[in-house]
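User: I am new to this structure. Please pick a single part, look at it closely, and then link it to its surroundings. Short sentences would help.

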Amino acid sequence: MKKIERSAVFLKENLALFQCPVCKEAFQDVSGQGVVCANNHRFDLGKKGTLHLLLKGGQNEYDKAMLSSRKALADTGFFHPILDAILNHIPKEGTILDVGCGEGSHLHYLTEKGLSGEKIGFDISKDAIQLAAAHFFDDAFWCVADLAQSPFGAEQFDAILNIFSPSHYQEFNRVLKPDGRVYKVVPDADYLIELRELLYGDRSYNNQDVVNRFKEIYPEALHKHVRYEVELTESTFRWLVEMTPLTWGATDADIEKILKKPLKTISVAVSLLISGPIKVYK
């Protein structure tokens, strides 16, 4: 069975997980190789089995080269301790939505470690979703979408993964089941601190406002710190430099300079935030 045919089967079996991003009505049918809502808005599967549910735009700062470097770095296990911490708290079976999934590496690892159930990974970047479908097609259903114009059904998901990506809490609470949970990963002040100091000196950095906002929405949230060091090779350091948004404010000359003397180790320090009972967003 071709990828597009397998994706059509997934849609038929899980149509309630989606809604039309145009009119917010439920999709009524899978017609041919696309979905159609009650108001006759239609969205067709691509040849690689992905579904494009974005109404406009679609690209962000992550191009194919950056996404390829992120995958290469992820393949080394760079993010595994963070994902292992999530695995310690997430139900091993359920309906999972990965918000800003990128090229799919996180869902792939979680699937390999035994996370089962229906999984949807989406990103606003078409390039990211094409890479995810090319490398990890069997791990999830992959689609191009924007959570702010949601194509997902109400109260359908047991868990939302929100790893290094923006949040939309009103939408999270709408699509989660009553006992569903958000698993958010936020960089701490000393995340990649050695690289930050190389590029910008002692410039301070923190995400406390992001953490505080999460706890405001979910007052019973669990807050865990995950910290570890990663040994780097010349290749892994280059992939890190190429994929991290930390370098977006640096000049080409600065980047070339640090690549000539790669770091030997790097610190990874993040907050894992897990929502408690849902608080109504106002």
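Analyst: Start with H223, which has a relative accessibility of 27%. Buried would need under 20% and exposed over 50%, so H223 counts as partly exposed. The model is a predicted one.

H223 sits in strand β10. Set aside its neighbours within four places in sequence. H223 then touches V211, K215, S271, L272 and L273. E194 is another matter. It is 29 residues from H223 along the chain, and their C-alpha atoms are 24 Å apart.

Now widen the view to the sheet. β10 covers residues 222-231 and is an edge strand, pairing on one side only. The other edge strand is β4, at 51-52. Between these edges the order can be read off directly: the open sheet has 8 strands, running β4-β7-β6-β5-β8-β9-β11-β10. Its pairing is mixed. A general point helps here. Strands of a sheet pair through backbone hydrogen bonds, in either a parallel or an antiparallel sense.

Take the antiparallel example next. Strand β9 spans residues 176-187, and β11 spans residues 265-274. These two run antiparallel, with 5 bridges joining them. K184 has L273 of β11 as its bridge partner. L273 has already appeared, as one of the contacts of H223.

Helix α5, residues 126-136, packs on this sheet. It touches β6 (119-123) and β7. The direction of α5 makes about 165 degrees with that of β7.

That leads to β7. This strand pairs with β6 in the parallel sense, over 4 bridges. Within that pairing, G121 stands opposite W142 of β7. β4 also pairs with β7 in the parallel sense, here over 2 bridges. L51 has C143 in β7 as its bridge partner.

Which way do the side chains of β7 point? In a regular strand they alternate between the two faces of the sheet. In β7, F141 and C143 point one way, while W142 and V144 point the other way. All four of these residues are buried.

Follow the chain on from β7, which covers 141-144, to β8 at 157-163. The loop between them holds E155. This residue has a positive phi of about 55 degrees, yet E155 is not a glycine. Most residues other than glycine have a negative phi. E155 has a relative accessible area of 49%, so it counts as partly exposed.

A similar case comes after β8. F164 lies in the loop between β8 and α6 (169-175). Its phi is near 55 degrees, again positive in a residue other than glycine. F164 is partly exposed too, because its relative accessibility is 31%.

Beyond this sheet there is another one. Here 3 strands form an open sheet in the order β1-β2-β3, with antiparallel pairing. Its edge strands are β1 (27-31) and β3 (42-44). The twist averages 20 degrees from one strand to the next. β1 is joined to β2, residues 34-37, by 4 bridges. S31 stands opposite G34 in β2.

Now the helices. α9 takes in residues 234-243, and α10 takes in residues 252-260. Their axes come within 10 Å and cross at roughly 160 degrees. Angles over 145 degrees count as roughly antiparallel, so that is how α9 and α10 are placed. The crossing is right-handed. F237, R238 and V241 make the contact from α9, with I255, I258 and L259 from α10. By class, the contact has 5 nonpolar residues, no polar ones and 1 charged.

Helix α4 spans residues 105-112, and its buried residues are S105, H106, L107, Y109 and L110. Just after α4, G114 takes a positive phi of about 110 degrees. Y109 also gives a link to D75, a residue of helix α2 (64-75). D75 and Y109 are 34 residues apart in sequence, but 9.0 Å apart from C-alpha to C-alpha. Y109 is buried, whereas D75, at 47% relative accessibility, is partly exposed.

Key: Residues are numbered from 1 along each chain as its sequence is written. This is a predicted model: local features need pLDDT of at least 70, side-chain atom pairs count only at pLDDT 80 or more; totals for chains, interfaces and linings use all residues. Side-chain values use heavy atoms; hydrogens and water are left out. Two strands pair if DSSP finds at least two bridges between them. Axes are lines fitted to C-alpha atoms, for helices over the stretch in contact, and angles run from 0 to 180 degrees between N-to-C directions. Angles under 35 degrees count as roughly parallel, over 145 as roughly antiparallel, 65 to 115 as roughly perpendicular and the rest as oblique. A crossing is left-handed if the near helix is turned anticlockwise from the far one by less than a right angle, and right-handed if clockwise. Contact means heavy atoms within 4.5 Å. Ala, Val, Leu, Ile, Met, Phe, Trp, Tyr, Cys and Pro count as nonpolar, Asp, Glu, Lys and Arg as charged, and the others, Gly among them, as polar. Buried means under 20% relative accessible area, exposed over 50%, partly exposed in between (1.4 Å probe, protein chains only).
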